[in-house]
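Reader: I have a model open and want to learn to read it feature by feature. Can you take me through it?

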Amino acid sequence: FNIGYQRDDLEGQKGNSTNRTVGAVNASFEASEKLNISASYSNFTTFTNVKLDQFEVINDDNLLDDELDTLDYKQLSQKASLNINYVLSKNESLQQKVRFNYSLADVTNEQGGAVRIGDASTFHNIRTSYLLGFPKPQMDMTASLSLTRNTIGREDATTWGPTLGVNKRFIENKLNTSFTGSYNNSKSISRNVNVTSLRAMANYTWKEKHNFNLNTIQTFKSIPTGNINELTL
């Protein structure tokens, strides 16, 4: 639990002064060896660098922007999240987990103590995942369903879609490979977009000093003006 108060114009020389209260709360509950629940809430008017829309990551076809591809909202006033993890089974041959994630972000632009129509946005993200792991062959499989509901200004948009992924390790964990396939549909008043993407990755570590990476992304986009196919290596 954190809380703070800030104010400027300490010497009364500015034409305009600013003050605000900021706070954050984080809580976790281990109900049993299999069930774990965590929740968080923050209220920072200058909270930045948050990926507000999870489909920005799923549909991203740029291999070089992992650190830069974030939404910088200085008006972000509050954010809340809930995470539930449940272990179905865990032994030497099989591991199964179920996860549920929900996050809410509220963005506002207040002027003169009021929020005008079109100056408030809300982001809802829901994701349910099933994880299947095989420790001995060193292979993991993931199936998930994601839903994002955005109210941006005067327009509502809904995006949903499934994702399937497989991760396999070879040569005493020196070679790590993964393949992911996803589909999502985005609907709003002004557009209807379908995106299918295929991703493949291989990472090899040689003599613990050298790392070789190979990435490829194939996307198929269906937009009102036509179809777009992109291949990135």
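Author: We will go through strands, turns, one buried side chain and one surface patch. Keep in mind that this is a predicted model.

Reader: Start with strand pairing. How many bridges join S1 to strand S2, and in which sense do they run?

Author: Pairing is read from bridges between two strands. Here 6 bridges join S1 to S2 (residues 19-30), and the two run antiparallel. To find the register, look for residues that face each other. Isoleucine 3 stands opposite glycine 23 in S2.

Reader: Which residue in S3 does glycine 23 stand opposite?

Author: Glycine 23 stands opposite asparagine 43 in S3. S2 and S3 (residues 35-43) pair over 8 bridges, again in the antiparallel sense. A hairpin of 4 residues joins S2 to S3.

Reader: Now the later strands. Over how many bridges do S7 and S8 pair?

Author: Strand S7 (residues 139-152) and strand S8 (residues 155-170) pair over 14 bridges, in the antiparallel sense. For the register, take serine 146, which stands opposite glycine 161 in S8. S8 also pairs with strand S9 (residues 175-188): 12 bridges join them, and they run antiparallel. There, threonine 163 stands opposite serine 182 in S9.

Reader: What should I look for in the turn between S8 and S9?

Author: Check the backbone angle phi. S8 and S9 form a hairpin with 4 residues between them, and isoleucine 171 in that turn has a positive phi of about 50°.

Reader: Where is aspartate 9, and what is its phi?

Author: Aspartate 9 lies in the loop between S1 and S2. Its phi is near 55°, a positive value in a residue other than glycine.

Reader: And lysine 207: where is its place?

Author: Lysine 207 is in the loop between strand S10 (192-206) and strand S11 (210-223). The phi of lysine 207 is also positive, near 55°.

Reader: Are these two loop residues buried or exposed?

Author: Use the relative accessible area. Under 20% is buried, and over 50% is exposed. Aspartate 9 has 19%, so it counts as buried. Lysine 207 has 58%, so it counts as exposed.

Reader: Take a residue inside a strand. Is asparagine 185 buried or exposed?

Author: Asparagine 185 is found in strand S9. Its relative accessibility is 7%, so it counts as buried.

Reader: What does the side chain of asparagine 185 reach?

Author: For a polar side chain, list its polar partners. The side chain of asparagine 185 reaches the backbone oxygen of valine 193 at 3.5 Å. It also makes a polar contact with the side chain of asparagine 194, at 2.8 Å.

Reader: Which residues does asparagine 185 touch, not counting those up to four places away in sequence?

Author: Asparagine 185 touches Thr158, Thr159, Trp160, Asn192, Val193 and Asn194. Two names from the polar list, Val193 and Asn194, come back in this set.

Reader: Last, the surface. Which residues make the nonpolar patch?

Author: Phe1, Ile3, Val25 and Tyr41 make it, with an area of about 450 Å². You have met one of these: isoleucine 3, which faces glycine 23 in S2.

Reader: Where does phenylalanine 1 lie, and why can it join a patch?

Author: Phenylalanine 1 lies in the segment before strand S1 (2-7). A patch residue needs over 30% relative accessible area. Phenylalanine 1 has 71%, so it is exposed and passes that cut-off.

Conventions: Residues are numbered from 1 along each chain as its sequence is written. This is a predicted model: local features need pLDDT of at least 70, side-chain atom pairs count only at pLDDT 80 or more; totals for chains, interfaces and linings use all residues. Side-chain values use heavy atoms; hydrogens and water are left out. Patches are made of residues with over 30% relative accessible area and no salt bridge: like charges are joined within 9 Å, nonpolar side chains (Val, Leu, Ile, Met, Phe, Trp, Tyr) within 5 Å. Accessible areas come from the Shrake-Rupley method with a 1.4 Å probe; for residues, only the protein chains shown count as cover. A salt bridge is a side-chain nitrogen of Lys or Arg within 4 Å of a carboxyl oxygen of Asp or Glu. Buried means under 20% relative accessible area, exposed over 50%, partly exposed in between (1.4 Å probe, protein chains only). A polar contact is a pair of N or O atoms within 3.5 Å; within protein, one must be able to donate a hydrogen and the other to accept it, and residues adjacent in sequence count only if both atoms are side-chain atoms. Contact means heavy atoms within 4.5 Å.
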